[in-house]
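Welcome! Please take a look at the structure below, and then we can walk through it together.

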There are 2 protein chains.
Amino acid sequence: MDERADAQAGGVTIYEVAQRAGVSIATVSRTLRGTGPVAGATREKVLRAVEELRFTPSRAGVSLAEGRHAANGIVFPNLSGPYFAEVLIGYEEVTSELGRSVVILSTKGREPTPRGTDAIRDAVRELAGRVDGLVVFGSTVPGDVVEELVASRLPLVLISHAPMPGAVTLRSENTASARALAHHLLGHGHAEFAFLGAPYATGDDVDLRWQGVREVLGDAVQPVLTAEYTVESGYQAALRLLRGAGRPRAVICSDDEVALGTILAAEELGLSVPHDVAVTGWDDIMAARHARPALTTVRQPMRELGARAARALDALIAGLGVEDAHRTLDTELIVRGSCGPHPPGGH
Amino acid sequence: MDERADAQAGGVTIYEVAQRAGVSIATVSRTLRGTGPVAGATREKVLRAVEELRFTPSRAGVSLAEGRHAANGIVFPNLSGPYFAEVLIGYEEVTSELGRSVVILSTKGREPTPRGTDAIRDAVRELAGRVDGLVVFGSTVPGDVVEELVASRLPLVLISHAPMPGAVTLRSENTASARALAHHLLGHGHAEFAFLGAPYATGDDVDLRWQGVREVLGDAVQPVLTAEYTVESGYQAALRLLRGAGRPRAVICSDDEVALGTILAAEELGLSVPHDVAVTGWDDIMAARHARPALTTVRQPMRELGARAARALDALIAGLGVEDAHRTLDTELIVRGSCGPHPPGGH
DNA sequence: GCCGTGGATGGAAGCGCTTACATGCGGAGG
DNA sequence: CCTCCGCATGTAAGCGCTTCCATCCACGGC
């Protein structure tokens with residue numbers, strides 16, 4: 001309040017500071033960045049001027065001169081469910097710890113590339129232009145756009161994407177976990193299964209889960225599509241499925257939200273979970289624990305995924321080699337009530 | 001693949017395009033931005049060169065020349081629960097629709113300003129330096145930092161913050177909703193109440209809810225603090241509360257996550273919800289609907305909050321006046337099972 | 001007492017782009 | 001046929017900063 005609030009948005013420049021301190025802009029820059037020697041008295045004068053003028057270096061100026069942005073981007077399909085939010089938490093935390101800003105881009109709502117100038121490509125290009133590196137979730141972005149990014153040599157980390165030269169990839173384990181889950185369900189004595197949320201894209205997480213389930217259960221499991229990975233579309237699909245003739249004994253859902261929708265549908269139809277139908281999810285989101293019955297699911301380390309992506313990206317940007325360019329993180333089977341009764345003392 | 005992938009990250013400049021097209025950089029710029037006249041043939045040449053070179057204007061260069069960033073920021077405490085994530089969804093959607101990037105900053109983990117150069121202040125300044133406007137959640141940022149932002153004339157929208165000259169503020173209604181909720185609980189015949197998640201800061205959302213509840217229930221309600229607004233700390237606090245002597249008949253929680261924790265605690269203690277103790281939440285997050293019993297809560301329009309903030313900020317940046325500088329959005333009481341039995345046919 | 005040396009500082013050239021402003025040109029009007 | 005006008009284009013001056021390089025100065029060693 002004692003200072004004149006004349007600090008126009010982006011107003012005061014290094015020249016004004018220099019003039020006020022009676023030095024050259026070079027000296028101001030050196031003082032502020034700690035590059036090069038500056039005499040004690042000079043330093044004082046400069047810092048005082050900076051303080052009085054409330055000087056903050058123009059980000060655009062710095063970026064242009066330095067040739068870098070000190071910002072990293074991340075592209076995800078949406079933030080509706082907890083999944084991407086959790087990954088984002090881990091990513092933001094580490095990235096800002098490393099002194100870089102985080103620019104986000106959700107591809108939700110943009111046209112899924114029919115050919116030609118599409119919105120996603122433009123948005124990703126725009127984003128790529130203002131960051132030093134990018135994290136992109138699996139199938140949020142058309143393949144040719146990913147290739148364009150790789151070709152541009154932009155440091156790139158892909159989450160839940162098949163290994164790819166020119167980029168680091170990172171994902172949670174899927175297939176083995178799916179097999180473990182399937183075996184667990186077999187242990188309950190269930191026989192007919194449905195896999196709800198059948199895969200869209202080959203090689204994405206859900207596809208791999210389906211592969212694993214399929215390996216173990218063979219023809220005893222039928223794939224059933226949901227429109228999206230949301231409670232609502234899980235509910236809709238489950239309603240159809242459970243009302244049908246060959247009602248499965250257990251529904252293995254692609255993710256927790258679809259599973260929650262399934263439980264809702266079962267309830268609506270007067271079916272008891274897990275007595276009439278067992279239900280399992282994937283991810284172990286918060287609601288999984290609070291659902292009744294609590295959801296049996298596969299926990300994947302969402303925050304760690306984000307954190308590791310951030311670190312890998314930083315290494316890439318720094319020009320360091322990344323130890324393991326295509327890493328897979330372990331998951332954990334979380335057995336709760338929704339998959340069937342367990343002996344009270346049992347594990 | 002047919003093109004040379006020599007596009008170094010941030011490599012090709014407008015000069016190279018100009019040279020290749022045989023024109024000046026001014027013409028290239030005019031062609032790409034659509035400012036000023038360009039002859040058809042020239043336009044063709046330029047566009048072809050742009051295409052062949054995969055030219056994308058350097059963001060830093062553009063920003064510096066234009067004097068703007070084409071990016072907006074948002075500051076929130078964390079992204080753990082669904083609340084801030086939902087607001088962010090609304091914000092991101094509208095902002096990117098308006099052709100601007102979104103830069104995020106979570107204050108989680110940064111020291112809460114003991115005096116002196118603190119991490120939050122620095123992070124916010126850094127953010128402020130790379131955007132054209134900022135949205136800040138209520139009490140994520142120390143008061144003097146907010147004042148600094150206002151003084152800097154940076155377009156600023158505050159969410160869940162008391163009205164303030166120099167900034168637009170936006171929030172959901174709290175007090176009246178709290179009164180309505182309290183009345184509803186009284187209608188169930190409950191008598192002793194606890195308000196779990198007692199306010200930290202005067203004037204923030206939770207404080208206003210507490211005020212409303214207090215107005216109606218008077219001394220029949222006791223405030224009980226939780227460490228954070230999370231399931232875990234709600235659980236811990238509820239455990240203590242419900243195990244104590246003067247166990248309340250109804251627990252009004254500051255938000256849904258605390259309420260979910262409370263339900264967990266009740267279950268752990270062998271108490272039936274709502275028979276032994278009624279529980280209510282706030283926000284209507286996804287898990288509220290899936291909890292058993294389903295949570296009675298106050299729904300607030302989280303996405304709309306974000307969307308409106310984005311639009312207001314855009315108006316501010318454009319220099320337009322904002323119609324209503326201090327707006328309050330309506331909420332809705334969502335009655336489910338956790339507050340007590342309702343007549344089957346009742347509303 | 002002179003030169004060498006290194007610390008402190010200023011000058012100035014970019015970084016990549018936008019945009020007045022100047023220039024050049026061809027056609028319409030007289 | 002000459003002038004005037006307006007479209008198409010180029011020239012160059014920034015935008016705010018970093019940093020290489022040159023300059024200057026004081027001091028210690030000979």
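How many residues do chain B and chain A each bring to their contact? Chain B brings 49 residues and chain A brings 50 residues, where contact means heavy atoms within 4.5 Å. This is a predicted model, in which local features need pLDDT of at least 70 and side-chain atom pairs count only at pLDDT 80 or more, while totals for chains, interfaces and linings use all residues. Residues are numbered from 1 along each chain as its sequence is written, chains are lettered from A and ligands numbered from 1 in the order in which they are written, and side-chain values use heavy atoms, with hydrogens and water left out.

**Where chain B meets chain A**

- The two chains bury about 4400 Å² between them, 59% of it on carbon and sulfur atoms; buried area is the accessible area (1.4 Å probe) that two parts lose on being put together, summed over both.
- B:R130, B:H290 and B:R292 supply 14% of the area that chain B buries against chain A, more than any other three residues.
- Three salt bridges are counted between chain B and chain A, each a side-chain nitrogen of Lys or Arg within 4 Å of a carboxyl oxygen of Asp or Glu.
- One salt bridge joins the side chains of B:E267 and A:R292 (3.1 Å, N to O).
- By class, the side of chain B that touches chain A has 25 nonpolar, 11 polar and 13 charged residues. Here Ala, Val, Leu, Ile, Met, Phe, Trp, Tyr, Cys and Pro count as nonpolar, Asp, Glu, Lys and Arg as charged, and the others, Gly among them, as polar.

**Strands that pair across the chains**

- Strand β2 (residues 101-106) of chain A pairs with β2(B) in the antiparallel sense over three bridges. Strands (E, at least two residues) are DSSP runs numbered from the N terminus, and two of them pair if DSSP finds at least two bridges between them.
- Within this pairing, A:I104 stands opposite B:V102 in β2(B).

**Around DNA strand C**

- DNA strand C is surrounded by 26 residues, and the closest are A:T27, A:T42, B:I14, B:S29 and B:R33; a residue is near the strand if one of its heavy atoms lies within 4 Å of it.
- Sorted by class, the surface near DNA strand C has 16 nonpolar, eight polar and two charged residues.
- Of the atoms of DNA strand C within 4 Å of the protein, 69% belong to sugar or phosphate and the rest to bases.
- A backbone N or O atom of A:A39 lies 2.8 Å from a phosphate oxygen of DNA strand C.
- A polar backbone atom of B:G61 is 3.4 Å from a base nitrogen of DNA strand C.

Terms used
Helix = DSSP H or I, 4+ residues; strand = E, 2+ residues; numbered from the N terminus. Polar contact = N/O pair within 3.5 Å; in protein donor to acceptor, adjacent residues only side chain to side chain.
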